[in-house]
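Me: Got a minute to go through this one with me? I'll put it up here.

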2 protein chains.
Amino acid sequence: MTISLTEENYLKAIYTLSHLFEESEVSTNQISDHLKNKAATVTDMLKRLAEKKLINYIPYQGVKLTEKGRRTAIKVIRKHRLWEVFLVDKLKFKWDEVHEIAEQLEHINSDELIQRLDEFLGKPKFDPHGDPIPDANGQLNSVKALPLNQHKAKGTFVFVGVNEHSKAFLQHLTSIGLKIGDAIKVEEINEFDNSFKVKINKNNSQFFSNKVASNILVEIKK
Amino acid sequence: MTISLTEENYLKAIYTLSHLFEESEVSTNQISDHLKNKAATVTDMLKRLAEKKLINYIPYQGVKLTEKGRRTAIKVIRKHRLWEVFLVDKLKFKWDEVHEIAEQLEHINSDELIQRLDEFLGKPKFDPHGDPIPDANGQLNSVKALPLNQHKAKGTFVFVGVNEHSKAFLQHLTSIGLKIGDAIKVEEINEFDNSFKVKINKNNSQFFSNKVASNILVEIKK
DNA sequence: AGAATTTTTTAGACTACCCTAAAAATATCT
DNA sequence: AGATATTTTTAGGGTAGTCTAAAAAATTCT
C-alpha cells in the first residue's frame with residue numbers, strides 16, 4: 001500500500017495538531033484551518049485515511065492516528081528535520097529559509113537515503129529550530145524544552161529552540177541578535193504585561209514581549 | 001505558470017528521445033514506450049503541453065520542444081545529475097543505486113537550492129555515469145564522449161561514462177572491475193562479431209561483447 | 001493504386017483531490 | 001427545553017492524469 005504525498009501531509013497535520021493542543025482527538029475544522037483546505041475536502045480525505053487504517057475516524061467526533069498512521073507521520077517529520085539540518089549545516093541556508101524546501105524534500109521516499117543522510121549529518125538530535133529529530137524507530141528521545149515565559153523566575157537560560165516557525169518571527173530573532181545556543185539572562189519580569197527584561201550574551205539589556213517569550217524555548221543554564 | 005511533476009517527466013522524455021535518435025520530431029509511440037503510458041494518454045498530455053507553449057505539436061506528426069520546453073527539460077536533467085553526484089560523492093551510494101532516488105529529487109523546486117547544491121559539490125561537470133551536467137544557463141559545455149566500439153582501432157582509452165544506465169549493466173561493469181577513470185587497452189578487435197579483447201588497468205585480458213563496447217564511453221588516453 | 005497494417009487520435013470512463021451549497025448533527029444560549 | 005449557532009457531512013461538480021475501445025489518419029505491402 002502506497003501513501004500519497006497529500007495523505008502524508010494530512011497525517012503530519014493530524015500528528016502536529018494532536019500534540020499542539022494536548023488532545024488526542026483532532027477535529028475536521030482544525031485540519032481544515034491548518035492545511036487551508038475546505039472542511040468538506042477534509043471529510044473526504046478522512047474517509048480515505050480511515051479506509052487505509054491510518055486513522056480512527058468516527059463521524060462528527062474527530063480523528064486519531066492509528067499506530068500505523070503515527071509511524072508514517074513521524075517518519076515524514078524525521079525526514080523534514082533531517083533535510084533542514086542538511087540545508088543549514090551543509091548548504092548554509094539561514095534558519096528562516098529552509099521550511100518550504102524541506103516541505104518538498106520530506107516526501108522523498110527512500111529508507112536507504114534517510115539512513116545515509118542521517119549518518120552524513122552526524123546523527124543530529126535537533127533541527128536548526130531546536131525541534132527534536134525522531135530516530136529511525138520513530139522514537140523521540142529528546143524532550144522539547146519549555147518556553148521562556150513558563151519559567152517564572154529570574155536566572156540565566158540557554159536558547160535551544162522556537163515554538164513558532166514563521167519567517168517573520170525567525171527573522172525578528174535574527175535581527176535582535178538571538179541565535180540557538182545563546183545565553184539569555186532574565187533580569188526582570190514585568191507583572192502587568194508579562195514582558196521580560198533580558199540580556200543576550202552579556203550585551204545590552206532589551207525587552208521581550210510575552211508573545212516573544214512564549215515562542216522561545218530555553219533550558220536552565222548549568 | 002506552474003509545470004507539474006508529470007509534465008516535467010514528459011518534457012524530459014521528449015528531450016531524451018529527440019537526442020537519442022538524432023531526430024528533432026518525437027512520436028507519440030516513442031513517448032508512450034519510454035514512459036510506459038498508453039498512446040492515448042500521451043496524446044492527451046501533448047495537447048496540454050502544446051497549450052502551455054512547451055512543445056510544438058501537429059497531430060499525427062510528432063512533437064518538438066519549444067525553447068521554453070527545452071529550458072525546462074534541461075533544468076530537470078541538471079537537477080537529476082547534480083543530485084546523483086550528491087548521492088554518490090557525499091552519501092556514498094553506488095552508481096547503480098542512485099537513479100530512482102534522483103528521479104524523485106529532480107522535481108524539487110528551488111533555484112536557490114540547486115545553486116547551493118552545485119557549489120557544495122564543487123560545480124561538477126559530469127555525473128557519476130559520465131553524463132555532462134548542464135550549467136545554470138542550460139548550456140551543455142562538455143560534449144559526450146564516443147562509445148568504445150566507434151573507435152575502430154587498437155590503442156589505450158580512458159573510461160569516462162556509460163550509454164546505458166540500467167542497474168544490470170552498471171552492476172556488470174562493477175563485477176568485471178571497471179570504474180570511471182580506468183584505462184582500457186584494446187588489444188584486438190574481432191572482425192566476425194566485433195567483440196573487443198581488452199586489458200583494464202594492466203590486469204589480465206578479457207573480452208567485451210560489441211553490446212558492452214557500444215555502451216562504454218571512452219576518450220583516447222593522452 | 002488499393003488493401004492491409006500500424007500509428008495516432010477521439011470518445012467515454014475512472015480515481016485522487018479539490019470546490020460550493022445544502023442538509024444533518026452537535027453544541028450553546030437563554 | 002427549545003431556539004440558535006456552529007460544526008461536520010453529504011451531494012454534486014471540476015481538473016489532472018490515467019485507462020480501454022473504437023475511429024481516423026498515415027504508412028507499408030503487393
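**Chain contact and DNA side**

Reply: Sure. Chain A and chain B each put 13 residues into their contact. Keep in mind that this is a predicted model.

Me: Ok, which helices of chain A supply at least two residues of the side that touches chain B?

Reply: Those are helix H5 (99-105) and helix H6 (111-120) of chain A. H6(A) gives the most, with four residues.

Me: And what's the mix by class on that side of chain A?

Reply: Seven nonpolar, three polar and three charged residues.

Me: How are the two chains related?

Reply: A turn of 180° with a shift of 0.0 Å along the axis lays chain A on chain B, with an RMSD of 0.1 Å. That is the relation of a two-fold axis.

Me: Which residue of chain A comes closest to that rotation axis?

Reply: Leu105(A), with its C-alpha at 3.8 Å.

Me: Why do you say the copies meet through the same surface?

Reply: Because 100% of the interface residues of chain A are also interface residues in chain B.

Me: Switching to the DNA. Which residues come nearest to strand D?

Reply: There are 21 residues around DNA strand D, and the nearest are Ser27(A), Asn29(A) and Ala40(A), plus Ser4(B) and Ala40(B). Two or more residues each come from helix H2 (28-35) and helix H3 (39-51) of chain A, and from helix H1 (5-20) and helix H3 (39-51) of chain B.

Me: Which one has the largest share?

Reply: H3(B), with five residues.

Me: And by class?

Reply: The surface near DNA strand D has nine polar, eight nonpolar and four charged residues.

Notes:
Residues are numbered from 1 along each chain as its sequence is written. Chains are lettered from A and ligands numbered from 1 in the order in which they are written. This is a predicted model: local features need pLDDT of at least 70, side-chain atom pairs count only at pLDDT 80 or more; totals for chains, interfaces and linings use all residues. Copies are superposed by least squares on the C-alpha atoms of residues with pLDDT of at least 70 in both. Two residues are in contact if their C-beta atoms, placed from the backbone, lie within 7 Å. A residue is near a molecule or strand if its C-beta atom, placed from the backbone, lies within 6 Å of it. Ala, Val, Leu, Ile, Met, Phe, Trp, Tyr, Cys and Pro count as nonpolar, Asp, Glu, Lys and Arg as charged, and the others, Gly among them, as polar.
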